[in-house]
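Visitor: I'm new to reading protein structures. Please pick a single part for a close look, and then lead me on from there.

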Amino acid sequence: MSGHSKWATTKHKKAVVDAKRSKLFAKLIKNIEVAARIGGADLAGNPTLFDAVQKAKKSSVPIDNINRAVKRGSGQEAGGADYQTIMYEGYGPGGVAVLVECLTDNRNRAASDVRVAFTRNGGSLADPGSVAYLFSRRGVVVVPKTDTLTEDDVLGAVLDAGAEEVNDLGEAFEVMSEATDVVAVRTALQAAGIDYDSAEAQFVPAVQVEVDIDGARRILKLIDALEDSDDVQDVFANFDASDEVMAALEEE
């Protein structure tokens with residue numbers, strides 16, 4: 001899990017920086033619309049919507065924007081788009097496996113954006129199924145560290161809720177579970193009075209490809225290019241970079 005944890009740390013730090021960008025706001029709003037369309041506007045009865053709203057709030061999306069997204073998605077207000085989830089698979093520089101999760105109302109545009117990002121950044125699209133088998137859908141809950149919160153505190157709160165492991169990411173704890181247990185884990189943390197940053201199902205790699213600083217720089221450039229598309233919601237990659245490599249990249 002070491003590679004995933006380092007990447008999760010990077011993504012967590014990156015999300016804090018990106019929170020100031022309207023592009024991230026738009027993606028979070030899109031998640032809310034889709035969750036409300038599928039499960040209705042009631043946060044108590046729609047845990048997917050609850051978690052989408054929580055993530056948006058943590059990223060400082062204005063509450064008015066959140067409320068309007070819920071109304072659009074649930075049909076209470078006009079303007080909601082018919083978004084589709086599409087997965088693209090590919091290989092990045094150095095043979096790193098990449099999964100691209102899109103949420104779009106224009107399949108042709110999404111496909112074009114993803115193809116161009118791969119082509120221009122040393123990667124290539126792959127046939128469906130050729131990369132996905134390297135990943136499994138897991139529940140991931142990120143818990144910010146505090147002066148008093150310990151790993152044992154987190155583990156004790158979530159153990160009976162289906163959590164399988166707790167990883168120390170440096171600035172946060174990451175609670176891993178089956179994808180179907182993510183709501184139970186999040187609820188257990190809330191019951192214990194422990195705050196969390198995000199709770200969602202993610203694609204976690206079963207094996208990692210070790211990369212040096214040049215390899216890490218190139219794969220991160222590809223991921224940035226993919227995430228620059230409005231249609232791309234998330235990118236998952238199976239690279240493993242050491243703490244030293246990630247630290248060196250952060251200094252650049």
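Guide: Let's start at A206, which sits in the loop between β7 and β8 (209-210). Names like these come from DSSP runs, numbered from the N terminus: helices are H or I with at least four residues, and strands are E with at least two. A quick word on what you're looking at: this is a predicted model, where local features need pLDDT of at least 70 and side-chain atom pairs count only at pLDDT 80 or more, while totals for chains, interfaces and linings use all residues. Residues are numbered from 1 along each chain as its sequence is written, and side-chain values use heavy atoms, with hydrogens and water left out.

Back to A206. With 63% relative accessibility, A206 counts as exposed. Here, exposed means over 50% relative accessible area, buried means under 20%, and partly exposed is in between (1.4 Å probe, protein chains only). Now find S136: A206 and S136 are 70 residues apart along the chain, yet their C-alpha atoms are separated by 7.0 Å.

Step back into strand β7 (residues 198-205) and you meet F203, whose partner F236 lies in strand β9 (residues 232-237), so their pairing ties together parts that are 33 residues apart in sequence. The two form an edge-to-face aromatic pair, with 5.5 Å centre to centre and 70° between the planes. To pair, rings of Phe, Tyr and Trp (its six-membered ring) need centres within 6.5 Å; planes under 30 degrees apart are stacked, over 60 edge-to-face, and the rest tilted. Searching the whole structure turns up one aromatic pair. F203 and F236 are both buried.

Another strand residue to look up is A172, in strand β6 (residues 172-178). A172 counts as buried, at 1% relative accessibility. Its C-alpha atom and that of P144 are separated by 4.3 Å, with their positions 28 residues apart along the chain.

On to the helices. Look at helix α6 (residues 151-158) and helix α7 (residues 182-191): their axes come within 8 Å and cross at roughly 120°. Axes are lines fitted to C-alpha atoms, for helices over the stretch in contact, and angles run from 0 to 180 degrees between N-to-C directions. That angle is why α6 and α7 are oblique to each other; under 35 degrees would count as roughly parallel, over 145 as roughly antiparallel, 65 to 115 as roughly perpendicular, and the rest is oblique. The crossing of α6 and α7 is right-handed (the near helix is turned clockwise from the far one by less than a right angle; anticlockwise would be left-handed). V154, A157 and V158 of α6 touch V185, A188 and L189 of α7, where contact means heavy atoms within 4.5 Å. Sorted by class, this contact has six nonpolar, no polar and no charged residues. For that sorting, Ala, Val, Leu, Ile, Met, Phe, Trp, Tyr, Cys and Pro are nonpolar, Asp, Glu, Lys and Arg are charged, and the others, Gly among them, are polar.

α7 also packs with α3, at an angle of about 60° and with their axes 11 Å apart. This crossing of α3 and α7 is left-handed. P47, F50 and D51 of α3 meet V183, R186 and Q190 of α7, and the contact has three nonpolar, one polar and two charged residues.

Stay with α3 (residues 47-58) and pick out Q54. Q54 is buried, with a relative accessible area of 16%, and, not counting residues up to four places away in sequence, Q54 touches D195 and Y196.

α3 packs with helix α2 (residues 22-39) too, at about 165° with axes 9 Å apart. That makes α2 roughly antiparallel to α3.

Last stop: the loop between α3 and α4 (63-74), home of S60. Most residues other than glycine have a negative phi. S60, though not a glycine, has a positive phi of about 70°. S60 is exposed, at 54% relative accessible area, whereas V61, found in that loop, counts as buried at 6%. Leaving aside neighbours within four places in sequence, V61 contacts F25, L28, I29, A56 and I66.
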